[in-house]
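Dear colleague,

Please find the structure below, handed over for your records. My notes on its cysteines, its main pocket and one asparagine follow.

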Amino acid sequence: MKENNGERIQIPVPHDNPKDARLETDTAVSGHVIRKRRIYACIAIAVILLGVGVLHLINPVEHTIIPCLFYELTGIPCFGCGTTRCLYFLSRFDFASAFRYNAYLTVLSPLLLYWSGAELLNALAGRTLLPVFRRKWSSVIVLLIGLILFGILRWIFPALRFGVL
């Protein structure tokens, strides 16, 4: 870190191996950007804690929190059906029940938890502490394609529909 008129600027570190360079920032990051990232991280943590709190107060199996219009009209679960109930059971560490409601989210939850946790930790620290995916949009697209494929498989194989497994 260098001081520049009271602002700390992160300077990229040269690496012998180009693959190691992806863990560092490509450009200098000003103190203003770091503060902005910390604020966003704090807001994200507050929203996550609020969501977990709501899931602990309201059981989505007994009370529908977010009805699915697609399911109501067709009787076929959409790509995201069972997500709220899956998150409810994941927050209670009941992995078998979570898997019954949304197998895709249950299988990906460790990856998503690490990814979001690393992003939040890095934003709060103002530097890279944990490695994250370099190409975030490519990763998001791959996850969305997987979600669409999971939804199609749900339509083809009724055993994958929530509550059946």
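The count of disulfides (pairs of cysteine sulfur atoms within 2.5 Å) comes to zero. Cys68 forms no such bond because its sulfur is 3.5 Å from the closest cysteine sulfur, in Cys81, which is too far. Cys78 is likewise in no disulfide, the nearest cysteine sulfur, that of Cys68, being 3.6 Å away. Please note that this is a predicted model, in which local features need pLDDT of at least 70 and side-chain atom pairs count only at pLDDT 80 or more, while totals for chains, interfaces and linings use all residues. Residues are numbered from 1 along each chain as its sequence is written, and side-chain values use heavy atoms, with hydrogens and water left out.

The largest pocket (an open set of points on a 1 Å grid over the protein atoms alone, with protein on both sides within 12 Å along at least five of seven lines) holds about 700 Å³ of space, a volume being the space filled by probe spheres set on the points, joined across faces, edges and corners. Its lining (residues with an atom within 4 Å of a point) numbers 18 residues, with Ile48, Val52, Leu87, Leu90 and Leu113 nearest the centre. Helix α6 (103-125) is one of the elements that each supply at least two lining residues, and α6 gives the largest share, eight. Helices here are DSSP runs of H or I with at least four residues, numbered from the N terminus.

Asn122 also belongs to α6. Asn122 counts as buried (under 20% relative accessible area, 1.4 Å probe, protein chains only) because its relative accessibility is 11%.

Yours sincerely

Notes. 1 Å grid on protein atoms, 1.4 Å probe; cavity = no way out; pocket = protein on both sides within 12 Å on 5 of 7 lines; lining within 4 Å. Buried < 20%, exposed > 50% of the residue type's maximum accessible area, 1.4 Å probe, protein only.
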